[in-house]
Amino acid sequence: LPRGDRSPIYNWTNAGFPQTDLHPVVSVSWNDAVAYCRWVTAEYSKRGQKRVCRLPTEAEWEYACRAGSNTRYSSGDSPQSLCAFANLRDGALQAEIPKLNFVRWPPFPFNDGAAFTSVGGEYRANAFGLYDMHGNVWEWCSDWFDDNYYSRSPDTDPKGPSSGTYRVLRGGSWYLEQVYATCASRAGSTPDFHRSFSGFRVVLE
């Protein structure tokens with residue numbers, strides 16, 4: 001894996017590759033992301049503002065990612081269609097870390113110019129005006145992960161299972177293989193999981 005994934009010397013302040021305040025935060029767990037949301041909500045409260053910062057539900061995340069589309073990616077069905085929209089496992093990463101197994105897990109068929117994370121909003125937005133829904137960093141959602149949840153969930157605004165072992169991650173990243181970057185791809189990990197390709201986005205109510 002890339003520099004810093006499993007060593008305790010690497011964390012959100014030291015990713016193992018160059019980061020600025022304009023890049024998405026990485027190496028944060030679900031627990032970290034929720035703690036941040038609670039802190040932001042409390043800061044608004046101190047100012048007398050009734051705002052709630054939280055992680056999106058998985059259903060909210062996918063609705064935002066699809067942006068009205070019904071294709072594999074919001075940009076179309078072809079992996080090539082993401083070229084101008086996303087920072088993904090591609091030629092840039094392959095050039096930077098050629099020892100990764102690109103035969104078993106092929107890169108996207110282009111070079112987006114960023115081997116690791118890219119500045120937020122550097123690529124084109126989707127039809128809802130949202131950036132980086134595909135790639136850049138894997139994004140935590142609020143839900144517990146359940147493979148079969150949507151076969152029995154409410155049709156409107158499902159909130160996820162009431163309990164579980166894993167929390168949901170969506171969207172793929174600069175490091176992960178193609179399958180994780182689709183609108184529908186679902187994955188989960190323990191709430192304390194953190195890697196140099198995992199981060200989050202928030203909903204501000």
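This report describes a helix, a nonpolar core, the enclosed and open spaces, and a few individual residues of one structure, which is a predicted model.

**Helix H2 and what lies around it**

Helix H2 spans residues 58-66, and its buried residues are Glu 58, Trp 61, Ala 64 and Cys 65. These residues cover an arc of only 130° around the axis, which puts them on the same side of H2. The pattern agrees with a general property of such helices: an α-helix has 3.6 residues a turn, so residues three or four places apart point the same way. Among the elements that cover the buried residues of H2 are strand E2 (138-144) and strand E3 (167-170).

Arg 66 also belongs to helix H2, but with a relative accessibility of 22% this residue counts as partly exposed, the cut-off for a buried residue being under 20%. Leaving aside residues up to four places away in sequence, Arg 66 touches Thr 71, Ser 74, Cys 183 and Ala 184. Between the C-alpha atoms of Arg 66 and Trp 138, which stand 72 residues apart along the chain, the separation is 16 Å.

**Two residues with a positive phi**

Most residues other than glycine have a negative phi. Ala 67, just after H2, takes a positive phi of about 50°, and it lies in the loop between H2 and helix H3 (91-96). Ser 27, which is not a glycine either, has a positive phi of about 60° and is found in the segment before H1. Both are buried, as the relative accessibility of Ala 67 is 10% and the relative accessible area of Ser 27 is 7%.

**The largest nonpolar core**

The largest nonpolar core holds 29 residues, of which Leu 55 and Leu 93 touch the most other members. Helix H1 (30-46) and E2 are the elements that give two or more residues to this core, and H1 gives the most, with six residues. The contacts of Leu 55, when residues up to four places away in sequence are not counted, include Trp 30, Ala 33, Val 34 and Cys 37, and they also take in Trp 140, Cys 141 and Ser 142, together with Phe 200, Arg 201 and Val 203.

**The largest pocket and the largest cavity**

A search of the whole structure finds one cavity of 30 Å³ or more. The table sets the largest cavity beside the largest pocket.

| Space | Volume | Lining residues by kind |
|---|---|---|
| Largest pocket | about 250 Å³ | 10 nonpolar, no polar, two charged |
| Largest cavity | about 50 Å³ | four nonpolar, three polar, two charged |

Helix H1 supplies the largest share of the pocket lining, four residues. The residues that line the largest pocket include Trp 12, Val 25, Val 28, Asp 32, Ala 33, Tyr 36 and Val 40, and further along the chain Cys 53, Phe 200, Arg 201, Val 202 and Leu 204. Ala 33, Phe 200 and Arg 201 belong to this lining and are also among the residues that Leu 55 touches.

The largest cavity is lined by Ser 74, Phe 85, Arg 124, Ala 125, Asn 126, Leu 130, Asp 132, Met 133 and His 134. One of these lining residues, Ser 74, is also touched by Arg 66 of helix H2.

How values were computed: Residues are numbered from 1 along each chain as its sequence is written. This is a predicted model: local features need pLDDT of at least 70, side-chain atom pairs count only at pLDDT 80 or more; totals for chains, interfaces and linings use all residues. Side-chain values use heavy atoms; hydrogens and water are left out. Buried means under 20% relative accessible area, exposed over 50%, partly exposed in between (1.4 Å probe, protein chains only). The arc is that of the directions from the helix axis to the C-beta atoms. Contact means heavy atoms within 4.5 Å. A nonpolar core is a set of buried Ala, Val, Leu, Ile, Met, Phe, Trp, Tyr and Cys residues joined through side-chain atoms within 4.5 Å. On a 1 Å grid over the protein atoms alone, a cavity is a set of points where a 1.4 Å probe fits but cannot get out, and a pocket is an open set with protein on both sides within 12 Å along at least five of seven lines; lining residues have an atom within 4 Å of a point. Grid points are joined across faces, edges and corners, and a volume is the space filled by probe spheres set on the points. Ala, Val, Leu, Ile, Met, Phe, Trp, Tyr, Cys and Pro count as nonpolar, Asp, Glu, Lys and Arg as charged, and the others, Gly among them, as polar.
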